[in-house]
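Reader: I would like to learn how to read a model of a protein with DNA, one feature at a time. Could we go through the example together?

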There are 2 protein chains.
Amino acid sequence: MQVYSFVNFRHKAVARMSADQRKFTRELPAQRREQLILAVLSLIARKGVRAATVRDIAQEAGVTQGLIRHYFGSKESLVAAAYDYHMSRMTDAVWQASDKPEPRARLAAFVISSLSPPVLNRDWVSLWAALLGRAMQDPQLLKTHECTYCYFRDRLESLIADALRHVGRPHTKAETRRLAIACNAVIDGLWIEGGALPDAFAQGELTAIGLRSVGALVGLPLEDTEDL
Amino acid sequence: MQVYSFVNFRHKAVARMSADQRKFTRELPAQRREQLILAVLSLIARKGVRAATVRDIAQEAGVTQGLIRHYFGSKESLVAAAYDYHMSRMTDAVWQASDKPEPRARLAAFVISSLSPPVLNRDWVSLWAALLGRAMQDPQLLKTHECTYCYFRDRLESLIADALRHVGRPHTKAETRRLAIACNAVIDGLWIEGGALPDAFAQGELTAIGLRSVGALVGLPLEDTEDL
DNA sequence: CGAGTAATTATGCAAGTGTATAGTTTTGTC
DNA sequence: GACAAAACTATACACTTGCATAATTACTCG
């Protein structure tokens with residue numbers, strides 16, 4: 001998409017090369033939507049929800065404020081779309097890292113990627129907190145939060161069940177559920193403080209604590225899975 | 001203080017009983033400050049930071065908006081004071097529960113009170129999230145967050161060290177620090193989801209998971225400390 | 001090339017924002 | 001019971017907010 005549009009633009013630009021005084025350029029709807037979403041996310045992360053006004057969002061995206069209404073109907077709707085977008089890219093960033101074959105190594109990779117950049121990042125934690133604060137008063141946003149939480153936890157539960165099965169440890173559904181809730185909680189807690197207070201932890205400290213903690217909770221050591 | 005003011009009011013009221021058309025009553029500065037703080041906390045918890053305007057805060061507190069400036073100088077300063085107030089009452093609510101003599105029971109009581117009302121409460125989680133979102137852009141608020149976090153973690157570290165010492169388990173300072181970070185994280189994570197998604201967990205499930213998790217992390221069972 | 005269509009801009013508006021300032025009322029004290 | 005000080009109210013102001021509407025502009029297709 002991006003490539004197509006670029007070629008398109010170049011074509012037109014060359015055609016009018018001598019005196020191109022166009023006041024704006026058209027973009028594909030999907031691109032404009034993403035530009036606006038990225039703009040509002042960047043603003044909220046850096047300056048808070050309060051700074052994300054329609055005018056500043058438009059300026060950040062390089063357009064005028066009318067486009068927000070044109071593409072999203074309202075600012076509220078744009079923020080909701082941005083919340084979805086952010087949560088999706090967070091889950092994607094975590095899960096693309098856990099493609100290892102060995103179950104224990106997959107679980108360890110999940111913990112590490114959750115507690116390393118880009119997932120562990122001041123801006124992303126800032127975004128998460130600001131949008132959760134809003135979600136507590138907005139059913140639509142809370143639904144996004146709930147879906148993300150459940151998605152995370154369910155996949156984590158699968159990872160845990162795989163790891164237990166791989167070492168021949170019997171386990172019930174209720175047990176893996178409890179373990180998934182606990183492991184998700186400890187990872188979340190470490191992630192939040194690591195993002196909010198980056199100077200409070202040494203380099204690699206959070207991933208080490210995360211590995212050790214999840215290992216202790218599940219009952220499987222995870223520190224030795226680097227090369228699996 | 002409250003009693004004194006009440007008597008005071010009654011006294012005056014009786015003196016002018018026949019035709020008391022006073023347009024307002026004076027309060028002790030400390031009381032008015034607390035009224036305004038409670039008003040802004042209630043508004044933010046129920047309707048979000050956006051709804052906490054000077055006019056609505058004043059109405060919630062039963063005064064006019066000029067008093068916010070009179071007592072706090074600015075709305076921003078009031079919010080900062082309210083953040084301190086909220087964090088203090090949270091820590092107080094947690095720590096007043098851990099007065100048991102036996103170290104393991106103290107640790108267990110800490111976990112339970114952190115994951116039960118009034119600490120585990122939708123409004124308090126909502127408040128926490130909304131104010132953390134603001135704190136990520138406000139150094140003063142972030143300082144409050146940091147102090148609260150460190151206070152919590154340090155006292156938790158003491159609890160853990162006491163429990164380990166009590167059972168004769170040797171431990172280093174670095175070890176108890178890691179354990180405190182991890183235990184604090186799992187409690188925070190459970191607390192957040194328990195407050196944000198109260199219907200996602202069964203009655204007593206979070207405290208059970210919390211006890212089991214902290215026990216597994218520290219290496220000491222905590223489920224059997226009810227009657228210690 | 002020329003017209004239609006939709007993307008984009010430009011502009012206006014009514015409501016709400018925090019703060020400043022001046023005026024009013026309460027209350028303790030002599 | 002008057003007086004001063006401070007608590008409290010009332011009001012105005014400059015500014016920002018989100019949204020709507022109309023006027024442009026760019027691009028597509030014949």
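Author: Let us begin with the surface near DNA strand C, keeping in mind throughout that this is a predicted model. Three helices, α4 (66-72) of chain A together with α1 (2-15) and α3 (54-61) of chain B, each supply at least two residues of that surface.

Reader: Which helix gives the most to the surface near DNA strand C, and how do the residues of that surface divide by class?

Author: The helix that gives the most is α4(A), with four residues, while the surface as a whole has seven nonpolar, nine polar and eleven charged residues.

Reader: Which residues come nearest to DNA strand C?

Author: There are 27 residues around DNA strand C, and those that come nearest are A:R26, A:Y71, B:T53, B:R69 and B:K75.

Reader: What share of the DNA strand C atoms within 4 Å of the protein belongs to sugar or phosphate, and what share to bases?

Author: Sugar or phosphate holds 69% of those atoms, and the rest belong to bases. Individual atom pairs illustrate both kinds of approach. A polar side-chain atom of B:K75 lies 2.5 Å from a phosphate oxygen of DNA strand C, and an N or O atom in the side chain of A:R32 is 3.0 Å from a phosphate oxygen of that strand. For B:Q65, by contrast, the partner is a base oxygen of DNA strand C, 3.1 Å from a polar side-chain atom of the residue.

Reader: Which residues are the closest to DNA strand D?

Author: Here 27 residues surround the strand, and the closest are A:T53, A:R69, A:K75, B:R26 and B:Y71. Of the DNA strand D atoms that come within 4 Å of the protein, 69% are accounted for by sugar and phosphate.

Reader: What are the distances from side chains to phosphate oxygens of DNA strand D, taking A:R22, B:R32 and B:Y71?

Author: An N or O atom in the side chain of A:R22 is 2.6 Å from a phosphate oxygen of DNA strand D, a polar side-chain atom of B:R32 lies 2.9 Å from a phosphate oxygen of the strand, and for the side chain of B:Y71 the corresponding distance is 2.5 Å. The elements that give two or more residues to the surface near DNA strand D are α1 (2-15) and α3 (54-61) of chain A together with α4 (66-72) of chain B. Of these, α4(B) gives the most, with four residues, and by class the surface has seven nonpolar, nine polar and eleven charged residues.

Reader: How should I read the interface of the two protein chains, and how much area do chain B and chain A bury between them?

Author: The size of an interface is often given as the accessible area lost when the parts come together. In this model chain B and chain A bury about 3600 Å² between them, with 65% of that area on carbon and sulfur atoms. Of the area that chain B buries against chain A, B:M136, B:Q137 and B:L197 supply 16%, more than any other three residues. Counted as contacts, 44 residues of chain B meet 44 residues of chain A.

Reader: How many salt bridges and polar contacts does the rule find across that interface?

Author: The rule finds two salt bridges across the interface, and it also finds twelve residue pairs in polar contact. The side chains of A:R177 and B:E205 meet in a salt bridge, at 3.0 Å from N to O. On the side of chain B that touches chain A, the elements giving two or more residues are α2 (29-47), α7 (122-135), α8 (139-166), α9 (173-196) and α10 (205-218) of chain B. The largest share, 13 residues, comes from α9(B), and the residues of this side divide into 23 nonpolar, eight polar and 13 charged.

Reader: How many helices and strands are there in chain A, and what fraction of its residues is buried?

Author: Chain A has ten helices and zero strands, and buried residues make up 50% of its 228 residues. Among contacts in chain A between residues at least 6 apart in sequence, 68% join residues at least 24 apart.

Reader: Is A:D99 buried or exposed, and where is this residue found?

Author: A:D99 is found in the loop between α5 (75-95) and α6 (103-114) of chain A. The residue counts as exposed because its relative accessibility is 63%, and the cut-off for exposed is over 50%. A:D99 and A:A109 are ten residues apart in sequence, and their C-alpha atoms are 8.3 Å apart in space.

Key
Residues numbered from 1 in each chain as written. Chains lettered and ligands numbered in written order. Predicted model: local features only at pLDDT ≥ 70, side-chain atom pairs only at ≥ 80, totals over all residues. Heavy atoms only, no water. Contact = heavy atoms within 4.5 Å. Buried area = accessible area lost by both parts, 1.4 Å probe. Salt bridge = Lys/Arg side-chain N within 4 Å of Asp/Glu carboxyl O. Polar contact = N/O pair within 3.5 Å; in protein donor to acceptor, adjacent residues only side chain to side chain. Nonpolar A, V, L, I, M, F, W, Y, C, P; charged D, E, K, R; others polar. Near = heavy atom within 4 Å. Buried < 20%, exposed > 50% of the residue type's maximum accessible area, 1.4 Å probe, protein only.
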